[in-house]
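Ready for a few exercises with worked solutions? Have a look at the model first, then take the tasks one step at a time.

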Amino acid sequence: MSALTLGENGAQKKVRWGIISSAGIARKALIPAITAASNAELACVGTGNPDRSRENAEEWGYELLHSYEAVLERSDVDAVYNPLPNGMHAEWSIKALEAGKHVLCEKPFTVAPSEIGPMVAAAEKADRRLMEAFMYRFHPQIDLAKQVLESGRIGTLRTIRAKFSFNAAPDPTNPRFQAGQGPGALMDVGCYCVNAIRFFSGGAPKAVTAWSTIHAESGGDLTTTGLLEYESHSALFDCSFESYFRMGIEIVGSDGTIALPKPWLPGKDPGVVRVSDKDGVEELTTPGVDHYQLMVEHFSDCILNGQAPVRGADDALENMRVLEAVRISAGEQRRVRWSELV
């Protein structure tokens with residue numbers, strides 16, 4: 001409690017953040033987001049490679065520490081952002097929670113559903129907040145699309161299609177291609193597709209069928225295509241490290257469609273939700289925002305006000321179980337029922 005910045009009346013005003021790792025996502029997105037957030041401030045970043053972040057530290061005015069442990073030992077750090085490689089998410093999130101820090105953990109939450117239970121237990125024991133960092137869910141275009149779907153404007157939901165791909169040559173120094181780090185396109189970008197499908201579908205599928213190409217050295221997938229079966233509709237997604245850059249969500253109903261051209265990386269331009277129905281095409285827009293900043297402000301609000309995150313560990317667990325079903329289906333070349341995983 002004492003670490004929190006207090007207002008004039010003694011009310012908790014700002015959350016002091018620390019970051020473990022000098023990962024690009026931290027330097028390029030989260031550091032600017034925390035700095036811009038109305039209820040947060042960045043105290044320090046811990047990294048085993050300080051030279052990589054020295055210029056960034058000077059630009060943004062935070063203290064550069066030489067280890068992850070040093071961040072967790074700081075009494076003036078309330079919350080930790082964990083953007084470490086996937087295989088280190090559970091270990092270091094638990095360490096941060098045990099040190100009394102709230103934790104915003106980068107997606108995917110873990111490399112296996114079984115790792116989530118110990119993370120949740122650590123959060124409950126420490127009475128600290130824990131959330132998966134799916135920043136795209138905080139962009140207003142996502143809620144707008146859901147509102148259009150639920151309004152009945154496009155009729156009965158029939159199919160959802162989601163895609164996220166880019167070309168990335170295998171590189172043994174990149175955790176995306178390292179065995180043990182949850183390598184592959186499914187965990188890196190396919191997790192967005194699965195997360196969005198679950199959001200617009202209202203939950204987990206009843207069965208999954210998938211196909212993948214595999215990077216032999218790491219065991220991770222280079223491309224994955226999946227079919228998710230629901231009682232009332234189907235969902236298709238594809239993700240890849242060996243395809244041209246693409247992203248998007250299409251929601252198909254009996255009477256129209258909803259398209260989000262830039263669901264994952266909209267930048268700060270206005271969000272676009274394109275609705276097509278019998279009356280033609282209408283482009284609905286939302287204000288341009290920094291969805292990383294909105295995510296930081298939401299999590300900081302949860303800490304300051306003692307509230308649970310809007311999407312907690314249960315959401316992360318369901319997402320990981322669907323990803324696991326996709327992995328099993330592709331590896332064993334069979335349809336995987338949801339009942340096998342719960």
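**Exercise 1: an arginine in a loop**

R74 sits in the loop that links α3 (68-72) to β5 (79-82); helices (H or I, at least four residues) and strands (E, at least two) are DSSP runs, numbered from the N terminus. The model is predicted, so local features need pLDDT of at least 70 and side-chain atom pairs pLDDT 80 or more, while totals for chains, interfaces and linings use all residues. Residues are numbered from 1 along each chain as its sequence is written, and side-chain values use heavy atoms, leaving out hydrogens and water.

Task: decide whether R74 counts as buried or exposed, and why.

Solution. Step one: recall that buried means under 20% relative accessible area, exposed over 50%, and partly exposed in between (1.4 Å probe, protein chains only). Step two: R74 counts as buried because its relative accessibility is 18%. Step three: look for its partners; setting aside neighbours within four places in sequence, R74 is in contact (heavy atoms within 4.5 Å) with C44, E63, L65 and K101.

**Exercise 2: the sheet**

Task: find the strand order of the nine-stranded open sheet, and its edges.

Solution. Step one: the order is β15-β14-β13-β12-β8-β11-β10-β9-β16, with mixed pairing; two strands pair if DSSP finds at least two bridges between them. Step two: β15 (280-286) and β16 (336-337) are the edge strands, each pairing on one side only. Step three: zoom in on β10 (221-229), which runs antiparallel to β11 (residues 234-240) and is joined to it by seven bridges. Here T223 stands opposite S240 in β11.

**Exercise 3: the second largest pocket**

Task: work out which element gives the largest share of the lining of the second largest pocket.

Solution. Step one: on a 1 Å grid over the protein atoms alone, a pocket is an open set of points where a 1.4 Å probe fits, with protein on both sides within 12 Å along at least five of seven lines; lining residues have an atom within 4 Å of a point. Step two: this pocket holds about 360 Å³ of space, a volume being the space filled by probe spheres set on grid points joined across faces, edges and corners. Its lining has 18 residues, with P183, L186, G219, D221 and R327 closest to the centre. Step three: α7, β9 (207-214), β10 and α9 (313-332) each supply at least two lining residues, and the largest share, five residues, comes from α9.
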